[in-house]
Amino acid sequence: MCDEMEDNALEFCRKEIRWPCDPRIVRAHLDGYDEPIAGELVEVSRTGVQLHIPDPIPVGSLITVEIGATVVLGDVRHCDPGPKDYYTVGLHTCAVKGNAS
């Protein structure tokens, strides 16, 4: 049912509340990349995060994201081109380490 709904109505089908963030620069580490990928943290929930990054990441990839003193391990659930020069990446959180404040 949710697949057939408009984007603004999709919010009602989500399992977790999404909390928007002031854009915050994060560092993402992905196997196969020599250097971390700089990105922006867009929103968070209890079970995931959304990022804007400059390059696409394959769905299913494991990625580690440094958010200040907090490290989040997640798997990429979707990676979609954004309206500007970035991709919107949705991660399902597998583990969180560090200070989550």
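**Notes on strand 3 and D80**

1. Let's start with a pairing. Strand 3 and strand 6 (residues 87-98) run antiparallel, and six bridges join them. Keep in mind as you look around that this is a predicted model. One partnership to find on screen: I53 has Y87 of strand 6 as its bridge partner.

2. Now for the other neighbour. Strand 2 (residues 37-44) is also antiparallel to strand 3, with four bridges between the two. If you trace the chain from strand 2 to strand 3, you go through a hairpin of three residues. For a landmark in this pairing, pick L41, whose bridge partner in strand 3 is L51.

3. Is strand 3 buried or exposed? Six of the six residues in strand 3 (residues 48-53) are buried, so the rest of the structure largely encloses this strand. Try checking the side chains by direction: G48, Q50 and H52 point one way, V49, L51 and I53 point the other way, and all of them are buried.

4. Next, have a look at D80, which sits in strand 5 (residues 70-81). D80 has 38% relative accessibility, so it counts as partly exposed; the buried class would need a value under 20%, and the exposed class one over 50%.

5. What does D80 touch? Leaving aside residues up to four places away in sequence, D80 touches Y86, Y87 and T88. The side chain of D80 also makes a polar contact of 3.0 Å with the side chain of H78.

6. One last distance to try yourself: D80 and V59 are 21 residues apart in sequence, and their C-alpha atoms are 10.0 Å apart in space.

How values were computed: Residues are numbered from 1 along each chain as its sequence is written. This is a predicted model: local features need pLDDT of at least 70, side-chain atom pairs count only at pLDDT 80 or more; totals for chains, interfaces and linings use all residues. Side-chain values use heavy atoms; hydrogens and water are left out. Buried means under 20% relative accessible area, exposed over 50%, partly exposed in between (1.4 Å probe, protein chains only). Two strands pair if DSSP finds at least two bridges between them. Contact means heavy atoms within 4.5 Å. A polar contact is a pair of N or O atoms within 3.5 Å; within protein, one must be able to donate a hydrogen and the other to accept it, and residues adjacent in sequence count only if both atoms are side-chain atoms.
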